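Q: Please take a close look at a single part of this model and describe how it sits among its neighbours. A connected account, with the cut-offs stated as they come up, would be most useful.

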Amino acid sequence: MIYAVINQQGGAGKTTLAVHLAVWLHDCGLKVAFVDNDPQASASGWIAAAEPGITLRSLTDAEDLVNQLPSLNDTHDAVVCDGAPRLNDQTHVLMYLAERIVIPVLPSGLDVRATFQTQQAVGRVAEAREADGLPAPWVRLVMNKQRTVGNQAKLVGRFIKDLGLPLATGQDGKGIGGLGLRDAYAQAVVEDATVGRLAQRPRASKSVKAAGVEMDALFETLTQPQSQVAPPAPPTVTVTATADDLPQPKTPSQPQPTPPAHAA
C-alpha cells in the first residue's frame, strides 16, 4: 500500500503527518518504507532517528520514483511518501502511483481554496489511472492545527464539504478527523520521536497524551480497508491529463495494521 502525503503549500504539517503515519504503521507490526520526495529532506533525519527499522529512501526525481517506488511496494507492507511542497512532475508521478493520498490543510477558508488546486490535480491523475484500467486513488483531506476551543474547525469543515472535497472524519464516520494545535507536535520534532511514543512515557503531559489519542484515531480511519469507508461526494474537476509510460502499481490485498498498544 502506497500512501502519498502531499500539499503544494508549506506549513500545513505534511512532513509531521507523513513521519507519524510511517512510525505508527511500523508500531502496528507492518514492514514500512519511507520515501522522502521533498528536496529539503527534513523528514529523512527525523525518520532515521525516530525508527531505524523503517527503510528510508530519498527519491526527488520523477524517474527514480517510477523505477523504485513499485519495487519498494512489492517488498514492504506499506510505503509512506512525503511529497514536495509543490505540484511538479515528481508530485504527479507520486499521485499516480499512490493508492491512498492524504492532503493536510489548515483550518482557514483561504488555505482550503489553495488546496483545491491540489485536489484538482488529484482528479486529473485519477482520470489517468482509470484510463489505464486502475482504480482511482482513495483521497482524504486532513484538517491540521485545529484550535481546541471555538467552532473554527466546524465552520471550515462545512466549507470543505460544500466544495465537495473529501474530508477525513472521526472513527464513527462523523465529525472531523484531524489534528489539534498542540505543543506536543513541536516537542516530537525536537526529540526525534512521535506523539504516540511520547504519550507512553510515565510523565507525559496532557497535551502529549491528547495528541497521541487523536493521532491514533486519525490513522485508524486513514488505514482501514476501503470497503469500510463511505466515499464522499467527488469534487467537480476538469480532467485533461494522461499518464503515458508510467508503471502499473500492484493491487493485491495488504496486511491490515493492528493499532499499537497505546491506542487502546
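A: Contact here means heavy atoms within 4.5 Å, and among the contacts in the protein chain between residues at least 6 apart in sequence, 77% join residues at least 24 apart. This is a predicted model, in which local features need pLDDT of at least 70 and side-chain atom pairs count only at pLDDT 80 or more, while totals for chains, interfaces and linings use all residues. Residues are numbered from 1 along each chain as its sequence is written, and side-chain values use heavy atoms, with hydrogens and water left out.

The protein chain has nine helices and six strands (DSSP runs, H or I of at least four residues for helices and E of at least two for strands, numbered from the N terminus). Of its 264 residues, 50% are buried (under 20% relative accessible area, against over 50% for exposed and in between for partly exposed, with a 1.4 Å probe and protein chains only). The chain exposes about 11,700 Å², of which carbon and sulfur atoms supply 50% (Shrake-Rupley method, 1.4 Å probe).

The part to examine is helix α7, residues 183–190, where Ala184, Tyr185 and Ala188 are buried. These three cover an arc of only 100° around the axis, which puts them on the same side of α7; the arc is that of the directions from the helix axis to the C-beta atoms. Asp183 and Val190, by contrast, are exposed on the other side of α7. The buried residues of α7 pack against α1, α2 (42–50), α8 (195–198) and α9.

The packing of α7 on α9 can be described in more detail. Their axes (lines fitted to C-alpha atoms over the stretch in contact, with angles from 0 to 180 degrees between N-to-C directions) are 8 Å apart and make an angle of about 90°. The two helices are therefore roughly perpendicular to each other, on a scale where under 35 degrees is roughly parallel, over 145 roughly antiparallel, 65 to 115 roughly perpendicular and the rest oblique. From α7, Asp183, Ala184, Tyr185 and Gln187 meet Ser207, Val208, Ala211, Glu214 and Met215 of α9. By class, this contact has five nonpolar, two polar and two charged residues (Ala, Val, Leu, Ile, Met, Phe, Trp, Tyr, Cys and Pro are nonpolar, Asp, Glu, Lys and Arg charged, and the others, Gly among them, polar).

Helix α9 (residues 206–223) also packs with helix α1 (residues 14–27), their axes coming within 11 Å and crossing at roughly 80°, so α1 and α9 are likewise roughly perpendicular to each other. Here Leu17, His20, Leu21, Trp24 and Leu25 in α1 meet Met215, Asp216, Leu218, Phe219, Glu220 and Thr223 in α9, a contact whose residues divide into seven nonpolar, two polar and two charged. Met215 of α9 thus appears in the contact with α7 as well as in the contact with α1.

Beyond its last residue, α7 is followed by Asp192, which lies in the loop between α7 and α8. Phi of Asp192 is near 50°, a positive value in a residue other than glycine. Most residues other than glycine have a negative phi. At 35% relative accessibility, Asp192 counts as partly exposed. A positive phi of about 55° is also found at Ala41, in the loop between β2 (32–36) and α2, and Ala41 too is partly exposed, with a relative accessible area of 31%.
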